[in-house]
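Reader: I would like to learn how to read helices and strands in a model of this kind, going from the general idea to the particular case. Could you take me through it?

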Amino acid sequence: MFIHRLDDESWLKLLTAEDAERLFVLVDSCRPHLRKWLPWVDSTKSIEDSKAFIIGGLQKFVAGNGLEAGIWHKGQLAGVIGVHYIDRANRKAGIGYWLGEQFQGLGLMTKACKACIDYLFDEQHLHRVEIRCAVENKRSRAIPERLGFTNEGTIREAEWLYDHFVDHVVYGMLSREWKR
């Protein structure tokens with residue numbers, strides 16, 4: 001089981017089926033906030049949808065191809081950080097994340113990203129980690145910028161977000177650049 005303590009009040013834990021209701025409630029409680037940047041919010045309509053997401057994450061983890069971890073704060077599910085894929089041939093991975101609106105500004109995501117990046121470089125022996133964010137998503141972009149990632153450019157119209165395309169900024173970090 002993947003569990004990592006971030007501080008005295010916060011930790012990462014691989015999401016399991018038992019977390020499906022908490023995950024759905026969190027998503028449901030902040031739909032307008034999440035919908036600004038995440039294309040899957042409207043298709044998450046039930047606890048079963050959250051459970052299917054979790055099962056997919058567990059399958060990725062078992063196959064060694066990624067993970068979906070809950071970010072927990074004071075016993076509450078605050079958000080999710082995921083390793084979307086692990087490209088073993090090129091020793092790289094991409095991570096993504098989101099927080100419930102009420103948990104922003106506590107430093108949780110920076111700590112969660114640090115832990116995830118340490119895991120990818122130190123335990124998975126990867127060479128590169130990418131984070132992609134919508135150009136206009138300033139809060140999401142602040143994380144890789146704070147962690148010293150290199151802004152490697154913009155991919156135009158990279159993602160369909162309900163009724164329009166959004167551009168993505170690609171941030172990269174190489175293992176030799178990461179300050180552990």
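Author: What follows goes through two helices, a strand with its partners, and two single residues. Please keep in mind throughout that this is a predicted model.

Reader: Let me begin with the record: where does UniProt place the feature "domain: N-acetyltransferase"?

Author: The UniProt entry, which is unreviewed, places that feature at residues 10-176. In the model, this span is 34% helix and 36% strand, and its end C-alpha atoms lie 28 Å apart.

Reader: How should I read the two sides of a helix, and which residues of α3 are buried?

Author: The general idea is that an α-helix has 3.6 residues a turn, so residues three or four places apart point the same way. In α3, the buried residues are S50, I54, G57 and K60. Seen down the axis of α3, these buried residues fall within an arc of 115 degrees, so they line one face of the helix. The face turned away from that buried side carries E48, Q59 and V62, which are exposed.

Reader: What do the buried residues of α3 pack against, and how does the span of α3 from its first C-alpha to its last stand beside the expected one?

Author: The buried residues of α3 pack against α1 (20-29), β3 (67-73) and β4 (76-87). As for the span, α3 covers residues 47-62, 16 residues in number, and reaches 22 Å between its end C-alpha atoms, close to the 22 Å expected at 1.5 Å a residue. After α3 comes G64, with a positive phi near 75 degrees.

Reader: Which residues of α5 are buried, then, and which are exposed on its other side?

Author: Helix α5 spans residues 138-146, and S140, R141, I143 and P144 are buried in it. Viewed down the axis of α5, the buried residues fall within an arc of 145 degrees, so here too they line one face of the helix. On the other side of α5, K138, R139 and R146 are exposed. The cover over the buried residues of α5 includes β5 (92-99), α4 (108-123), β6 (128-134), β7 (150-160) and β8 (165-174). Just after α5, G148 takes a positive phi of about 85 degrees.

Reader: Turning to strands, how many residues of β6 are buried, and in which sense do β6 and β8 pair?

Author: A strand can be read by its cover and by its partners. In β6, 6 of the 7 residues are buried, and the strand is thus described as mostly covered. Strands β5 and β6 run parallel and are joined by 4 bridges, with R128 in β6 as the bridge partner of K92. The chain crosses from β5 through α4 to β6, and this β-α-β crossover is right-handed. With β8, by contrast, β6 pairs in the antiparallel sense over 7 bridges, and I131 stands opposite Y171 in β8.

Reader: Is A134 buried or exposed, and what is it in contact with beyond its neighbours within four places in sequence?

Author: A134 is found in strand β6. Its relative accessible area is 9%, and A134 therefore counts as buried, the cut-off being under 20%. Leaving aside neighbours within four places in sequence, A134 is in contact with W37, R141, V166, D167 and H168. Of these, D167 is 33 residues away along the chain, yet the C-alpha atoms of A134 and D167 are separated by 5.7 Å.

Reader: Where is the place of G107, and how does G107 count by its relative accessibility?

Author: G107 has its place in the loop between β5 and α4. Because its relative accessibility is 32%, G107 counts as partly exposed. From C-alpha to C-alpha, G107 and W72 are 12 Å apart in space, and they are 35 residues apart in sequence.

How values were computed:
Residues numbered from 1 in each chain as written. Predicted model: local features only at pLDDT ≥ 70, side-chain atom pairs only at ≥ 80, totals over all residues. Heavy atoms only, no water. Buried < 20%, exposed > 50% of the residue type's maximum accessible area, 1.4 Å probe, protein only. Arc of directions from axis to C-beta. Contact = heavy atoms within 4.5 Å. Expected span 1.5 Å × (residues − 1). Pairing = 2+ DSSP bridges. Right-handed = clockwise from strand over helix to strand, strands pointing away. UniProt positions renumbered as here; feature names shortened; annotations may be inferred.
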